[in-house]
Amino acid sequence: MKVKVKELVPGQVIRVEYGDYENWVNFQVDAVKPAGRYINVDCHAGGVHTTLAMEPEEMVEVRENA
């Protein structure tokens, strides 16, 4: 299922291309925070913790719901 970034909620698992071309990673969303014209999505995959700066209207694939 695809949703807009502004509709994400903590606990969801999203699939994003991360670090390198065609490197798809499932991240669990920890927090969703507005930051100016972007939304910061705090998330983790195993021991990797990161913040993704995304546009509110950008579509993202949700693999699992909270």
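How far apart are the mean positions of the positive and negative charges of the protein? In this predicted model, the 7 positive and the 11 negative charges have mean positions that lie 5 Å apart.

The confidence of the prediction was examined before the fold itself. The mean pLDDT of the protein is 95, and 98% of the residues reach a score of at least 70. Among the secondary structure elements, strand 4 (residues 38-45) has the highest confidence, with a mean of 98, whereas strand 6 (residues 59-64) has the lowest, with a mean of 94. Such values matter to a reader because predicted coordinates should not be read in detail where pLDDT is low.

With regard to secondary structure, the protein contains six strands and zero helices, so that its pattern, when followed along the sequence, is β-β-β-β-β-β. Of the contacts in the protein that have a separation of 6 or more, 43% are accounted for by residues 24 or more positions apart.

The overall dimensions were then considered. Along the principal axes, the C-alpha atoms fill a box of roughly 25 × 25 × 20 Å. The radius of gyration of the protein is 11 Å, which agrees with a compact globule, because a globule of this kind with 66 residues would have a value near 11 Å.

Finally, burial and surface were assessed. Of the 66 residues in the protein, 33% are buried, and the accessible surface amounts to about 4,200 Å², with carbon and sulfur atoms contributing 47% of that area.

Terms used. Residues are numbered from 1 along each chain as its sequence is written. This is a predicted model: local features need pLDDT of at least 70, side-chain atom pairs count only at pLDDT 80 or more; totals for chains, interfaces and linings use all residues. Side-chain values use heavy atoms; hydrogens and water are left out. Helices (H or I, at least four residues) and strands (E, at least two) are DSSP runs, numbered from the N terminus. The radius of gyration is taken over C-alpha atoms; the globule rule is 2.2 Å times the number of residues to the power 0.38. Buried means under 20% relative accessible area, exposed over 50%, partly exposed in between (1.4 Å probe, protein chains only). Contact means heavy atoms within 4.5 Å. Accessible areas come from the Shrake-Rupley method with a 1.4 Å probe; for residues, only the protein chains shown count as cover. Lys and Arg count as positive and Asp and Glu as negative; His and the chain ends are not counted. The place of a charge is taken as NZ of Lys, CZ of Arg, CG of Asp or CD of Glu. pLDDT is the predictor's confidence in each residue, from 0 to 100.
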